[in-house]
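User: Please take a close look at one strand of this model and the parts of the chain that go with it. A connected account is preferred to a list.

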Amino acid sequence: MKDQRQPGQSPPPNPARRYVTTVLAASALAGYLPPIGLFHAARPFGASMRLQDLADSQRDNPEQILLPFDLRYNAAFKLARLEQERPEVIWISTSRAGTFRAALFAPYRFYNLSFTAWTTGQTLDLFERATQRQRPRIAILSLDHFLFADRWEEWFAITRKMHYDHPLTYLRSSLLDFARTATRRPAAFKDYVGTQSAFVGTQSIVQQEGFRNDGSYRYSPGHVADARSRFMNAATLADTLPRAAGLSSSLKQPIVRLAEMARSRGVKLMGIQLPFIRAGIDLLDREQYGPRGFGAWREFATAQTRDWLRQLGIPLFDLARLPMKDEDSSFVDAYHLADTGAAEVMLHLLSDPDFRDEFPNIDPARIAGDLADIARR
């Protein structure tokens, strides 16, 4: 791998020292070192840094790929980056919008807040925090039909609730995660010590993926290959999307409160439901009726839902059925877009006058050219 250090960045630690720190971490886990030994052993791997330190590191080294050891700390890390970037456009989402990059919104400053809001309540909470001290011009919300299903709320309201105010807990848990991972996966750290790497943080090093400087997610080639071979099918959607008779009125209320807050803070809202693979759409359509069907899918697509959101000041761009030119290259799996898929979606959005009016300076020809370059590789 070529040297990815930025001008002025210190050279990496001696490879032998890095390997020794891995051994020391394993010893610390076994109880042979005091906690301070583990702290110093983890430093070269970015595992003994506070979330603010990680944010500062990525600000100063834009090529770095970072990943908190636990996804429940994603929002705290990204809010720290948001303070630094001060974008005029943000996107709040589950993992579904993860691959939308700042380059797609150029020349507008954009930051991707995906992997942070797994329910409508969490979407409200993150919006409140993200717009408390600064005011982006536009906040895009990923509004998927399943967010309004009670079962989805039961699955993720607690298990993926973001942690914001526990820096010491994060530091301690991150160190222990490093020690456990270094013990179980020593080869990954041995490989890391002998090369220049953009990956910082235990899980980023092991998984070879994480958040880019603009908040977008970089999937590893291995992850993409595995997901496409096993999870790009309708059965994946059937197993992971909740059954519901319809939309939950209680789960609509956080969006109502969010819209009120946006008006008071002068932030324009947009709602987007991103595409699914065609086989998944067919499945949802077949099983949309009945109490054990995908009723939330059926009701979300109605004119009444669009009217409800429009009255709140949230124009909805429902792209769930958008046909993609080549699903094998456009998706990572049944419901996550690859980088090329995100670019295709952006081109489609720019063809809509209502979306285009908000971003008149984005050049679709540039995005189309980038897609063509990727296709020729």
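Analyst: Strand S2 (residues 89-92) and strand S3 (residues 110-113) run parallel and pair through four bridges. Strands here are DSSP runs of E of at least two residues, helices are runs of H or I of at least four residues, and both are numbered from the N terminus. Two strands count as paired if DSSP finds at least two bridges between them. The model is predicted: local features need pLDDT of at least 70 and side-chain atom pairs count only at pLDDT 80 or more, while totals for chains, interfaces and linings use all residues. Residues are numbered from 1 along each chain as its sequence is written, and side-chain values use heavy atoms, with hydrogens and water left out.

S2 also pairs with strand S4 (residues 138-142), again in the parallel sense and over four bridges. Valine 89 has a partner in each of these strands: phenylalanine 110 stands opposite in S3, and isoleucine 138 stands opposite in S4.

In a regular strand, side chains alternate between the two faces of the sheet. In S2, Val89 and Trp91 point one way and Ile90 and Ile92 point the other way. All four are buried, where buried means under 20% relative accessible area, exposed over 50%, and partly exposed in between, with a 1.4 Å probe and protein chains only.

The loops on either side of S2 each hold a backbone feature to note. Most residues other than glycine have a negative phi, and most peptide bonds are trans. Arginine 86, in the loop between helix H4 (74-85) and S2, has a positive phi of about 50° although it is not a glycine. Its relative accessibility is 43%, so arginine 86 counts as partly exposed. In the loop between S2 and S3 lies proline 107, which is joined to alanine 106 by a cis peptide bond with omega of about 15°.

A positive phi is also found away from S2. Glutamine 208, in the loop between helix H9 (202-207) and strand S6 (210-211), has a phi near 60° and is likewise a residue other than glycine. With a relative accessible area of 33%, glutamine 208 is partly exposed.
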